[in-house]
Amino acid sequence: MVQKILRLISIFAAVSAIPAGAATLFNTSTFDSGLEGWAGGANPVVIAGDNPYLQASVQVGSLATFNTSGAWSGNFETAGISGLTVELRGPSTNSEPLAIRATLLGPDTRTRWVTAPVTVPADGIWRTASFTFDENLMTRIVGTASFAETFTSVERVLFRHDPGRPSQRGDTVTGTLDLDSIRSVPEPSSTLLIVLAGGAGVFRRRRRY
Ligand SMILES: [Ca+2]
């Protein structure tokens, strides 16, 4: 088993060494280095620990956070990005489940394409959510830029609590959203990571305290 893992790691290293625009293919936010570009009206902060994560909280307002840095903007088409995964948690202190959508803002900083929401229960349990960036699965809620125009010139990625019909500003809420391990899909190593994760649970989340 150990030899198998070592062999997979060596393959992983070899694949990672291939340039071919790999830098833009592999976008990830783990919050080991602070906010890593995440900001927003919900004033997200990094909660320190053995596995730091992002926490956005709001009192009667829009629960959202976004990133305009180079890691989460630009031409997603040529970068080969088809979606993202993110670990989400709604603390048990939340009074209701959250409905989190991912939004891509277009080149005019006005156009917004949003995904369907994922439910984040108020139970304090981390879950991995997947969002697919596909014109047929997303809704343009404001602006005039086409999906192609937006996808080839993304100004920012944004997460927001927005239950019911998609809207520009979401629903007003008092609550907290924890986020971690935001990763673009596919990554150069995604197939191998699936093999490793499926085979041995190697990538199980580190314990928190
Ligand atoms: Ca983390």
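**Exercise 1. Place glycine 49 in the fold and determine whether it is buried or exposed.**

Step 1. Glycine 49 sits in the loop that links β3 (45-47) to β4, where strands (E, at least two residues) and helices (H or I, at least four residues) are DSSP runs numbered from the N terminus. The model is a predicted one, in which local features need pLDDT of at least 70 and side-chain atom pairs count only at pLDDT 80 or more, while totals for chains, interfaces and linings use all residues. Residues are numbered from 1 along each chain as its sequence is written.

Step 2. Glycine 49 counts as exposed because it has 12 C-beta neighbours inside 10 Å; by definition a residue is exposed if 12 or fewer other C-beta atoms lie within 10 Å of its own, buried if there are 20 or more, and partly exposed in between, with C-beta atoms placed from the backbone.

Step 3. β3 and β4 pair in the antiparallel sense over three bridges, pairing being assigned if DSSP finds at least two bridges between two strands. Valine 46 has leucine 54 in β4 as its bridge partner. This hairpin has five residues between the strands, and within it glycine 49 takes a positive phi near 155°.

Step 4. Across 17 residues of sequence, the C-alpha atoms of glycine 49 and aspartate 32 are 9.4 Å apart.

**Exercise 2. Follow the pairing from β4 to β13 and describe the surroundings of leucine 179.**

Step 1. β4 and β13 run antiparallel and are joined by six bridges. Leucine 54, already met as the partner of valine 46, has leucine 179 as its bridge partner in β13.

Step 2. Once its neighbours within four places in sequence are left aside, leucine 179 is in contact with Tyr53, Leu54, Val86, Glu87, Leu88 and Phe159, a contact being two residues whose C-beta atoms, placed from the backbone, lie within 7 Å.

Step 3. Leucine 179 is also listed, with Leu63, Leu104, Val157 and Leu177, among the residues with the most contacts inside the largest nonpolar core, which has 35 residues. Such a core is a set of buried Ala, Val, Leu, Ile, Met, Phe, Trp, Tyr and Cys residues joined through C-beta atoms within 7 Å. Strands that each supply at least two residues of this core include β4 (53-61), β7 (98-105), β12 (156-161) and β13 (173-185), and the largest share, five residues, comes from β7.

**Exercise 3. Explain why β12 is described as largely enclosed, and identify its pairing partners.**

Step 1. Five of the six residues of β12 are buried, and therefore this strand is largely enclosed by the rest of the structure.

Step 2. β12 pairs in the antiparallel sense with β5 over four bridges, and threonine 65 stands opposite phenylalanine 159 in β12.

Step 3. β7 also pairs with β12 in the antiparallel sense, over six bridges; here isoleucine 100 stands opposite histidine 161.

Step 4. Histidine 161 is one of the residues touched by valine 173, together with Val58 and Leu63, not counting residues up to four places away in sequence. Valine 173 belongs to strand β13 and counts as buried because it has 22 C-beta neighbours inside 10 Å.

**Exercise 4. Examine the backbone at phenylalanine 31, glutamate 36 and proline 186.**

Step 1. Most residues other than glycine have a negative phi, and most peptide bonds are trans.

Step 2. Phenylalanine 31, in the loop between β1 (28-29) and β2 (38-39), has a positive phi near 70°. The residue is buried, with 23 other C-beta atoms within 10 Å.

Step 3. Glutamate 36 is found in the loop between β1 and β2 and has a positive phi of about 55°, but it is partly exposed, with 18 other C-beta atoms within 10 Å.

Step 4. A cis peptide bond, with omega about -5°, joins valine 185 to proline 186, and proline 186 is found in the loop between β13 and α4 (190-200).

**Exercise 5. Decide where the coordinates call for caution.**

Step 1. The mean pLDDT of the chain is 85, and 77% of its residues reach 70 or more; pLDDT is the predictor's confidence in each residue, from 0 to 100.

Step 2. Over residues 11-24 pLDDT stays under 50, and the model has twelve contacts beyond four places in sequence for them. Residues 194-203 also have pLDDT below 50, with eight contacts beyond near neighbours in sequence.

Step 3. Where pLDDT is low, the predicted coordinates should not be read in detail.
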